[in-house]
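Hello,

Here is the structure I promised to pass on to you. Have a look at it first, and then read on for my notes.

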Amino acid sequence: MLSKKVILGIDPGTQTMGFGAIIINQDKPELLGTHELKLDKITDPYRKLREIYQTSKEQIDYFKPHEIAIESLFYATNPQSLLKLGRAQGVAIAAVISKNVSVTEYSPRKVKKSITGRGDASKEQIAKMLMNILSLKSIPNKFDITDALAVAMCHYYNRNSMNLGKPTYGSWSSFIKDNSHRIADRKKTDKD
């Protein structure tokens, strides 16, 4: 197994997209970098898709990730919004596939639960937890960035739990022992 691994998280969107890269250095995740793609001033939907595709490829070239995680679609009351978001996500996935990097999708609920322990956590709670987990000096002020970082962290946590050369937990006490930093951070967030 590689001693260092880069995971790129993507938060797809039609107005703004977030990219967040973490590097795993001896099983400790650290922030590698972020990028935000603003699309709100582009009115032509096909030009937006081209920009999403090109920027996704550029971010893959820049961060050189070993694996990529992307947030899957969520339920929307407006079918047109869901369709547009699905196109954005599909184009981002096509960019990943064109670079021959593995990609995994995670539902927004799964991402929230992996970061905060709650599937209904707010974006603010996720941002605060990421600040603690990644030892950030300040919370990124863009939720598209924190959402992308949360997707990358979710992938990291899920890869560790799939027994791919990593320990599996036979009891809660062994999990708590190995993840005490996450539990302490959760108690702090619950008080906020």
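Which sign does phi of Gly117, just after α3, take? The phi of Gly117 is positive, at about 90°. The helix that comes before this glycine, α3, has Pro108, Val111, Ser114, Ile115 and Thr116 as its buried residues.

Before you go further, please keep in mind that this is a predicted model. The protein chain has an average pLDDT of 85, and 81% of the residues reach at least 70. Confidence peaks in α1, at a mean of 97, and is lowest in helix α7 (residues 180-191), where the mean is 57. Residues 163-168 fall below a pLDDT of 50, and this stretch makes six contacts in the model beyond its near neighbours in sequence. I would read those regions with the confidence values beside you.

Now for the overall picture. Seven helices and five strands make up the secondary structure of the protein chain, and from start to end they run β-β-β-α-β-α-β-α-α-α-α-α. The chain has 192 residues, and 43% of them count as buried. Among contacts with a separation of 6 or more, 61% join residues that are 24 or more positions apart. The accessible surface amounts to about 10,700 Å², and carbon and sulfur atoms hold 52% of that area.

Two other backbone spots are worth a look, as each has a positive phi in a residue that is not glycine. Asp27 sits in the loop between β2 (16-25) and β3 (28-38), with a phi of about 65°. Its relative accessibility is 45%, so Asp27 counts as partly exposed. Asn100 belongs to the loop between α2 and β5 (102-106), and its phi is near 60°. Because its relative accessible area is 73%, above the 50% cut-off, Asn100 is classed as exposed.

What about a loop residue at the other end of that scale? Pro65 lies in the loop between α1 and β4 (67-71), and it is buried because its relative accessible area of 8% is under the 20% limit. Leaving aside residues up to four places away in sequence, Pro65 touches Val6, Leu8, Ile60 and Val101. Pro65 can also be set against Ser102: 37 residues separate the two in sequence, while their C-alpha atoms are 9.3 Å apart in space.

Finally, there is a pocket to show you. The second largest pocket has a volume of about 520 Å³. Its lining consists of 27 residues, and those that lie nearest its centre are Pro12, Gly13, Thr14, Gln15 and Leu85. Several helices take part: α1 (45-63), α2 (79-98), α3 (108-116), α4 (123-133) and α5 (143-161) each give at least two residues to the lining. How do the lining residues divide into nonpolar, polar and charged? There are 11 nonpolar, seven polar and nine charged residues.

If you open the model with this note at hand, Gly117 just after α3 and the loop that holds Pro65 are two places to begin.

Best wishes

Technical notes:
Residues are numbered from 1 along each chain as its sequence is written. This is a predicted model: local features need pLDDT of at least 70, side-chain atom pairs count only at pLDDT 80 or more; totals for chains, interfaces and linings use all residues. Side-chain values use heavy atoms; hydrogens and water are left out. On a 1 Å grid over the protein atoms alone, a cavity is a set of points where a 1.4 Å probe fits but cannot get out, and a pocket is an open set with protein on both sides within 12 Å along at least five of seven lines; lining residues have an atom within 4 Å of a point. Grid points are joined across faces, edges and corners, and a volume is the space filled by probe spheres set on the points. Helices (H or I, at least four residues) and strands (E, at least two) are DSSP runs, numbered from the N terminus. Ala, Val, Leu, Ile, Met, Phe, Trp, Tyr, Cys and Pro count as nonpolar, Asp, Glu, Lys and Arg as charged, and the others, Gly among them, as polar. pLDDT is the predictor's confidence in each residue, from 0 to 100. Contact means heavy atoms within 4.5 Å. Buried means under 20% relative accessible area, exposed over 50%, partly exposed in between (1.4 Å probe, protein chains only). Accessible areas come from the Shrake-Rupley method with a 1.4 Å probe; for residues, only the protein chains shown count as cover.
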